Amino acid sequence: LEASEHVSKVVYPGLESHPQHDIVKKQCRTGGGMVTFYIKGGLKAASKFLESVKIFTLAESLGAVESLAESPALMTHASVPAEQ
């Protein structure tokens with residue numbers, strides 16, 4: 001994902017680029033099960049990406065073991081004004 005021209009930022013503790021990567025290496029066997037990444041092109045591009053996902057389910061949850069994809073700006077935080 002870090003090398004993708006469509007991604008502006010990847011947040012995953014298992015990557016050497018993550019600020020706490022050294023801590024994660026000492027305390028964990030893996031980098032964890034959650035990956036955050038920012039798609040270039042804003043909300044329109046994020047929405048298009050989520051509509052095209054085939055393997056992950058579009059859903060709002062962090063308390064399950066299913067492979068899920070979500071965009072807080074389009075889903076859980078959609079009612080929050082942009083200036084906040």
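Reader: How much of the accessible surface of the chain belongs to carbon and sulfur atoms?

Author: Keep in mind that this is a predicted model. The accessible surface of the chain comes to about 6900 Å². The share of that surface belonging to carbon and sulfur atoms is 55%.

Reader: In what order do the elements of the chain run?

Author: There are 2 helices and 4 strands to place in the chain. Starting from the N terminus, they run β-α-β-α-β-β.

Reader: Where does His18 lie, and is His18 buried or exposed?

Author: His18 sits in the loop between β1 (7-11) and α1. Its relative accessible area is 15%. Buried means under 20%, so His18 counts as buried.

Reader: Which residues is His18 in contact with, if we skip its neighbours within four places in sequence?

Author: His18 is that buried loop residue we just met. With those neighbours left aside, its contacts are Val11, Tyr12 and Pro13.

Reader: And His21, is it buried or exposed?

Author: His21 belongs to helix α1, which spans residues 21-27. Its relative accessibility is 10%, and the cut-off for buried is under 20%. His21 therefore counts as buried.

Reader: Which residue has its backbone oxygen 3.4 Å from a polar atom of the His21 side chain?

Author: Leaving out neighbours within four places in sequence, His21 is in contact with Pro13, Gly14, Leu15 and Glu16. The one whose backbone oxygen lies 3.4 Å from a polar atom of the His21 side chain is Gly14.

Reader: What percentage of the residues in the chain are buried?

Author: We've already met two buried ones, His18 and His21. The chain has 84 residues, and the buried part of them is 14%.

Methods
Residues numbered from 1 in each chain as written. Predicted model: local features only at pLDDT ≥ 70, side-chain atom pairs only at ≥ 80, totals over all residues. Heavy atoms only, no water. Buried < 20%, exposed > 50% of the residue type's maximum accessible area, 1.4 Å probe, protein only. Polar contact = N/O pair within 3.5 Å; in protein donor to acceptor, adjacent residues only side chain to side chain. Contact = heavy atoms within 4.5 Å. Areas by Shrake-Rupley, 256 points an atom, 1.4 Å probe, with all protein chains shown as cover.
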